[in-house]
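Let's take a walk through this model together, from its overall build down to a few single residues. Please have the view open as you read.

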Amino acid sequence: MVALPKNILATISSNDVSASDRINRTLTPEIVIALCGPLGTPLHSVAKHFADHLTGQEFKYDKAEIIRLSDIIRNLSGLGANASIEELIEAGNQLRQDNDGAVLIQHAIQQITLARQKDTQKQSQSDDGDAVRPTPTVRVCHIIDSIKNIDELKLLRSVYGDMLHVVGVYSPIDLRISYLGNKISKPEDLHRLINRDSGEEIDTGQRVQETFPLADFFLRTDTGTDSQLASRVKRFLDLMLGTKIITPTVAERAMYAAHSAARNSACLSRQVGAAITSENGEIIATGWNDVPKAFGGLYEMFDISTTADHDHRCYNKDGGKCFNDEEKDILSNAVIEKLAQAGVVDRQKIPQALDVIRHDSQLKNLIEFSRAVHAEMHALLNAGASHGSKIRNGKLFVTTYPCHSCARHIIASGIKEVYFVEPYRKSLATRLHSDAITEQESTSDKVKIIPFDGVAPSRFLKFFGGEDRKDRHTGKMKERFAHPVTSITLEAIQTLEGIAVRDLLPKK
């Protein structure tokens, strides 16, 4: 980010500036950072590192306030400081059930709004009366520790847009167990709470597994050291605030390539992309999930003049249907009919029995009847055609955790590591291939499946390009000032905040 113009804080009442300039002068340095991570990750430490760096000499923010949703739960539920983790989870769920699903974030937004009002009052008192500022210019960051539910994230994004930066924090399971072991004495309670935190069945519960993949940055803490946290946090802040020229890592480039490839898919279920790198990081192939066509390749649009007349993908057949779902329905009906003929199921209860099989049994997780080639397989086929020798000991970057069908091909190909963004509950990869594939990062004799670490593909272009870096007159790099790359005006934000917290106001 280039240095801010000196007139950014000038009066807005002048008639000699354009409407665009007047709006630009309302751009705010304020940012909101929301942390999300599974139980046992060092979220409190990450929040503190963000706060300390922001208020340090390099970024020079006036203040960084940490808002802990656990404190909001305690205040609203009357729980004491010594409340257990499970008591906090229960109380949080109850609050969401009794109110809005994002009620905790509503209270956090209220805190942010009230803090800004105080800043505005202080600033207006210190002004000399000549400068008219429509919004406060206090350099402040609000750090929310931490969101657990998809409704919370949706509300934050609806209100703050590009002012919001979501950081997904992840630690390997062995480090999380070690950290929680000091707080939870019974191993069975520990594992139960970890599973509950990741994805409760109730919509108002903690659903970290669904929320985490939507982060803007992924921060993996696999050493448990402060130095690792400090360096990772600083890199993200340099990107957020444009203070340094930073280029993407090999992993970030590869995952962006996978993310981009996914956009080629017309699959009705989900768009998945994959990219394969050689051992030294060269991207050698990409792939996506879609229906194969005769004599090689997948159906795709070659140019804007391509018609859909010869496109036999699922969206374009029989009004658009998923053949995998259709086959599962046929199988469900056949099973129930056999049970009815044998007298095991009352024919009057066939509709209820079908509903149980289709939605509450493992049958719903079957993926064997899909017509599509999966993204990982497509990438392996493409790589094998031209770079077969480079696959061995290479890495696979995929937007969604590999399914068990792809796992066997990944293992056989010689891939050494797999990185993913979105989890996939249907996958039986580690259960069926426990001898050859693992999620344990410390293991070296198996193919490792590891959560992605770095800038999310959805934010790649925003943080790795677009700004004018060179002064056209001097030919030198412009002076860089810590200001949000995605800065926006607060004028609309304050209205949206009011709408978001309206439910919390006393009823007339």
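How many helices and strands does the protein have? In this predicted model, there are 18 helices and 12 strands. The radius of gyration is 26 Å, close to the 23 Å that the globule rule gives for 508 residues, so the protein is as compact as a globular protein of that length. Along the principal axes, the C-alpha atoms fill a box of roughly 85 × 60 × 50 Å.

Of the 508 residues, 47% count as buried. The protein exposes about 25,500 Å², and carbon and sulfur atoms supply 51% of that area. Sequence separation is worth a look too: among contacts between residues at least 6 apart in sequence, 70% join residues at least 24 apart.

**The sheet with β4 and β5**

One open sheet has 6 strands in the order β2-β3-β1-β4-β5-β12, and its pairing is mixed. Strands β2 (63–68) and β12 stand at the edges with a single partner strand each, so one side of each is left without a neighbour in the sheet. As a reminder, strands of a sheet pair through backbone hydrogen bonds, either parallel or antiparallel.

Let's follow the pairing from β1 onwards. Strand β1 (residues 31–36) runs parallel to β4, with 5 bridges between them, and A34 stands opposite V166 in β4. Strand β4 (residues 164–170) is in turn joined to β5 by 4 bridges, again with a parallel run. Beyond that, β5 and strand β12 (residues 454–455) pair in the antiparallel sense over 2 bridges.

Some of the facing residues around β5 are set out here.

| Residue | Opposite residue | Strand of the opposite residue |
|---|---|---|
| V167 | F217 | β5 |
| G168 | F218 | β5 |
| F217 | V455 | β12 |
| F218 | G454 | β12 |

F217 thus has V167 opposite it and V455 as its bridge partner in β12. F218 is the bridge partner of G168 and is also paired with G454 in β12.

How many of the residues of β4 are buried? The count is 7 of its 7 residues. L164, V166, G168 and Y170 point one way from the strand, while H165, V167 and V169 point the other way. Strand β5 (residues 217–220) is likewise covered on both faces. F217 and L219 are buried on one side, and F218 and R220 are buried on the other.

**The sheet from β7 to β10**

Another open sheet of 6 strands has the order β7-β6-β8-β9-β11-β10, also with mixed pairing. Here β7 (283–288) and β10 are the edge strands, each with a single partner strand, so one side of each is left without a neighbour in the sheet.

At one end of that order, strand β6 (residues 273–277) and β7 pair in the antiparallel sense over 5 bridges. Within this pair, I276 stands opposite A285 in β7. Helix α14 (residues 375–391) lies across β6, β7 and β8 (395–400), and its direction is at about 160° to β7.

At the other edge, T438 lies in strand β10 (residues 437–438). Is T438 buried or exposed? T438 is buried, with a relative accessible area of 9%. Leaving aside neighbours within four places in sequence, T438 is in contact with T443, K446, V447, K448 and I449.

K446, V447 and K448 also appear among the contacts of K416, which touches N393 and G394 as well, not counting residues up to four places away in sequence. K416 is found in the loop between α15 (404–413) and β9 (417–422). With a relative accessible area of 44%, K416 is partly exposed. Q117 sits 299 residues from K416 in sequence, and their C-alpha atoms are 53 Å apart in space.

**A pair of cysteines**

To finish, consider the sulfurs of C314 and C322. Why is C314 not in a disulfide? Its closest cysteine sulfur, in C322, is 6.4 Å away, which is too far for a bond, because a disulfide calls for sulfur atoms within 2.5 Å. C322 is in no disulfide either, with the sulfur of C314 as its nearest cysteine sulfur. For the protein, the count by this rule comes to 0 disulfides. C314 itself counts as buried, at 15% relative accessibility.

Terms used. Residues are numbered from 1 along each chain as its sequence is written. This is a predicted model: local features need pLDDT of at least 70, side-chain atom pairs count only at pLDDT 80 or more; totals for chains, interfaces and linings use all residues. Side-chain values use heavy atoms; hydrogens and water are left out. Buried means under 20% relative accessible area, exposed over 50%, partly exposed in between (1.4 Å probe, protein chains only). Two strands pair if DSSP finds at least two bridges between them. Contact means heavy atoms within 4.5 Å. Axes are lines fitted to C-alpha atoms, for helices over the stretch in contact, and angles run from 0 to 180 degrees between N-to-C directions. The radius of gyration is taken over C-alpha atoms; the globule rule is 2.2 Å times the number of residues to the power 0.38. Accessible areas come from the Shrake-Rupley method with a 1.4 Å probe; for residues, only the protein chains shown count as cover.
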